[in-house]
Amino acid sequence: MHAKGGPPLGHVLSRAAAKAQVHLLALSALPPAVAGDAHRLCASVVTPTDADRGDLVSLIVARAKAVGADAVLTFSEYAVVAVAEACEALGLPGAGGAAALARDKRLMRRTWHEHGLPQPEFRPVATEADLHEAATRLPFPLLLKAAWSAGSTAHQIIRSPHEVSGAWRRSREVMAESAQLGYAELHVAEADADFVVEQIVTGTAAEWFDDPGWGDYVSVEGVVARGVFHPVCVSGRMPTVEPFTERAGITPAQLSPAAQDRIVALARDSVDALGLRDCGIHTEIKLGADGRMWLIETAARFGGAMTVPQIEEVFDLDLIGMLVDHLLGRPVAWPERALTPAQARGAAGSLVVLAVDGAGAAWQDRRVWDFPAVADRVPLSRGSRLSVVAESSVADGSTVPVYDPAAGANTMAALCLLSAADPRTVLRDFETLVDALPRILPAAQLEEVSR
């Protein structure tokens, strides 16, 4: 089932179609760059009417029965719960009845609290009054999050009591705007009204990485198969853009074996606590001083952007195909333990193009996206290869959106993939790319900006 978010649809479909006959139920419009391939690779492509979407689980179940589906899966955060419930109704393997625990940040944090796992102090929030009350009990600064959002959408940093009301209004506005763009929970009614506010913990990358420039958090990629967590690898990050918008993910993270083992052990605890059954896993963990760690979130699906293609390139693992095989009851040889940089074949990373410089400051003027100019003029390291993910990028000649901290990744212009000799080189090349973009992209003309 296709909806916005997750790995690029073209990558997903090609790998799934190599393993099985695929029927596509498209709840979001197919990206123009892959629409033709979708019809070529799939036995059927169905776009339901608005009337059919009223009961999403029933829609999925009916379609699965119509095509005789042996497995149902999605890679979109916004469809995880609906697909899990449909699989339960069909008697097929899936994330299971606990899927909502890996989707609703309030339930997720409550479950981890019950298991004594390290995480920021938090409070669920349903009204502005709730937020004001929470602000009297939690230490500033605080982070307000939409409970069902993804991609750092509707995140608001609250530094003092007088910022509470404004943050509440802006987060609500952004959730409404995101829903209009298709970035919203598809199954749970009124999910845009649910929020959580939490303490902002102080992270540090310096004690975890030998080189400067890394972000203070990582993600553990893996899968749950028959209730058993199989970690695959750890991905590193560049520092986020305020408030906490992700800029780039790099596979693998350049960690020591001991540090990676500790991170993976916490990820295992987080996944086990949620009780998931059969699904991809993406767990984000904040890194602190003196070896401290805090759970950020766990998703019952693979990491978004180019995380899955990066893993395939670096570790020669087709996670999409492996998950399809598993759901169809075929034997799959999951890694015995999380793979390390020493086992990697080079490194790969994906960069979200945002109109901010390396320090997170907005570009001084508007620019036009032009990937050929980027590929021709950015001085990358010898042997590095840069490409653009067309289905996740605006067309060449389009004006780069102004970065909106509250909207997060909704204001991205493009997604780039870079392959290099090692993680350090990917990180340095991304820093070079970020610094170069506002200089080498063409200036937008007044009429282009107005459009």
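Q: Does H1 pass H10 in a left-handed or right-handed crossing?
A: The crossing of H1 past H10 is right-handed (the near helix is turned clockwise from the far one by less than a right angle; anticlockwise would be left-handed). This is a predicted model, where local features need pLDDT of at least 70, side-chain atom pairs count only at 80 or more, and totals for chains, interfaces and linings use all residues. Numbering starts from 1 along each chain, and side-chain values use heavy atoms, without hydrogens or water.

Q: Cool, at what angle do H1 and H10 cross?
A: Roughly 45°, and the axes of H1 and H10 (residues 319-327) come within 8 Å. H1 and H10 are therefore oblique to each other (neither under 35, over 145, nor 65 to 115 degrees).

Q: Which residues make that contact?
A: H1 brings His11, Val12, Arg15 and Ala16, while H10 brings Ile320, Gly321 and Val324 (heavy atoms within 4.5 Å). By class, the H1 contact with H10 has four nonpolar, two polar and one charged residues.

Q: Switching to H2: how far apart are the axes of H1 and H2?
A: The axes of H1 (residues 9-17) and H2 lie 10 Å apart, with a packing angle of about 15°. That makes H1 roughly parallel to H2.

Q: And who's touching whom there?
A: From H1 come Leu9, Gly10, Leu13, Ser14 and Ala17, which meet Val34, Ala38 and Leu41 of H2.

Q: How many charged residues in the contact of H1 with H2?
A: None: that contact has six nonpolar and two polar residues.

Q: Which handedness has the crossing of H1 past H2?
A: Left-handed, for H1 passing H2.

Key. Axes fitted to C-alpha atoms, helices over the stretch in contact; angles between N-to-C directions. Helix = DSSP H or I, 4+ residues; strand = E, 2+ residues; numbered from the N terminus. Nonpolar A, V, L, I, M, F, W, Y, C, P; charged D, E, K, R; others polar.
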